[in-house]
Amino acid sequence: MRVITGIARGRKLKELPGMETRPTTDRVKESIFNIIQFDVPGRKVLDLFAGTGQLGVEALSRGASSAVFVDARKDAANLVRENLKLTGFSETGRVVQGDALAFLRSCKEKFDVIFLDPPYQTTLLDEALSAIAAIDILSKNGIIVCESTADRELPALEPPYEKGKDYRYGKIKLTVYRRLPE
C-alpha cells in the first residue's frame, strides 16, 4: 500500500496485521481520486472509519488543507498517526480514536470531502450517511465518497444532498453524493 501521487508520492504506508481491516486497493483508490480530483486541493477532509488512513493521507498528498481521521480501534488510530508521520502530514492530520457515529453527533465543523468505508457487513454506512445529512456537516458543493460491496444499494438522501453515480470495480462499488448549493 502506497501513496499514489502528490507530494508524498511513492511512500509506503504501514498496514494493520490480520483481516479485521480491509484497505482500499490501489486500483479503487486511484479511481476515487480520478473522480474527485478537482474537489481535493485546499479542502478539509474527513476520513471516517479510517483504518490505515490511506484515503485521507492520499488527499493530503494531493493538496487537501487538512484531514480528520476517525477510527474506533486504538491500534488503527495509532497506525494512522504513524502513517501521518511517515508521510510528513502530522501537522495537517488529526486523529480521533472513537466511535464514528458518536464523532458525527458531536462534530462542530464542516468538511468538503468525506470518505466512508466502514466494514461491509454492517449498517454503519447507512447510519453514517443519515447522520451526516441530519447534522449537515458537509459544506456546500461538498462530496461524500462511499465504498461498499457491488450489490449494495445505498439510500437517496433528502435535498440539498444528491446521490450521484455508482462506479463498479469487480466486487466493490463507489457511490458519490454531493451537497448542492441551496
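Does Glu-153 count as buried, or what else does its relative accessibility make it: buried or exposed? I began with this residue in what is a predicted model, and I noted that Glu-153 counts as exposed because its relative accessibility is 56%, where the cut-off for exposed is over 50%.

**Entry 1, around Glu-153.** I placed Glu-153 in the loop between E5 and E6. When I set aside the neighbours within four places in sequence, I found Glu-153 in contact with Lys-163 and Lys-173. I also looked up its spacing to Asp-166, and the two residues, 13 apart in sequence, lie 9.6 Å apart in space from C-alpha to C-alpha.

**Entry 2, a peptide bond in that loop.** I then turned to Pro-160, which is likewise found in the loop between E5 and E6. The bond that joins Pro-159 and Pro-160 is a cis peptide bond, and I wrote down an omega of about 15° for it.

**Entry 3, the pair H1 and H2.** For two packed helices, the description rests on the angle between their axes and the distance between the axes. I read an angle of about 45° for helix H1 (residues 26-35) against helix H2 (residues 54-61), and their axes are 11 Å apart. H1 and H2 are therefore oblique to each other, and the crossing in which H1 passes H2 is right-handed. I listed the residues that make the contact: H1 brings Lys-29, Ile-32 and Phe-33, while H2 brings Gln-54, Leu-55, Glu-58 and Ala-59. Sorted by class, this contact of H1 with H2 holds four nonpolar residues, one polar residue and two charged residues.

**Entry 4, the buried side of H1.** Which residues of H1 are buried? I noted Val-28, Lys-29, Ser-31, Ile-32 and Phe-33 as buried in H1. The elements that cover these buried residues include H2, E4, E5, strand E6 (161-169) and E7. I followed Phe-33 further and, not counting residues up to four places away in sequence, found that Phe-33 touches Val-40, Leu-55, Glu-58, Ala-59, Arg-62 and Phe-115.

**Entry 5, the nonpolar cores.** The largest nonpolar core has 31 residues, and I recorded that Ile-32, Phe-33, Ile-36, Phe-69, Leu-84 and Phe-115 touch the most other members. At least two residues of this core come from each of H1, H2, strand E2 (66-71), helix H3 (74-87), strand E4 (111-116), strand E5 (138-149) and strand E7 (172-179). H2 gives the largest share of this core, with four residues. Apart from this core I found another, of 26 residues, which includes Val-70, Phe-103, Cys-146 and Tyr-177.

**Entry 6, positive phi values.** Which residues other than glycine did I find with a positive phi near 60°? One of them is Phe-49, whose phi is near 60°, and I located Phe-49 in the loop between strand E1 (44-48) and H2. Phe-49 has a relative accessible area of 13%, so I entered it as buried, the limit for buried being under 20%. Asp-136, also not a glycine, has a positive phi of about 60°, and I found Asp-136 in the loop between helix H5 (124-135) and E5. Because its relative accessible area is 22%, I entered Asp-136 as partly exposed.

Methods:
Residues are numbered from 1 along each chain as its sequence is written. This is a predicted model: local features need pLDDT of at least 70, side-chain atom pairs count only at pLDDT 80 or more; totals for chains, interfaces and linings use all residues. Side-chain values use heavy atoms; hydrogens and water are left out. Axes are lines fitted to C-alpha atoms, for helices over the stretch in contact, and angles run from 0 to 180 degrees between N-to-C directions. Angles under 35 degrees count as roughly parallel, over 145 as roughly antiparallel, 65 to 115 as roughly perpendicular and the rest as oblique. A crossing is left-handed if the near helix is turned anticlockwise from the far one by less than a right angle, and right-handed if clockwise. Contact means heavy atoms within 4.5 Å. Ala, Val, Leu, Ile, Met, Phe, Trp, Tyr, Cys and Pro count as nonpolar, Asp, Glu, Lys and Arg as charged, and the others, Gly among them, as polar. A nonpolar core is a set of buried Ala, Val, Leu, Ile, Met, Phe, Trp, Tyr and Cys residues joined through side-chain atoms within 4.5 Å. Buried means under 20% relative accessible area, exposed over 50%, partly exposed in between (1.4 Å probe, protein chains only).
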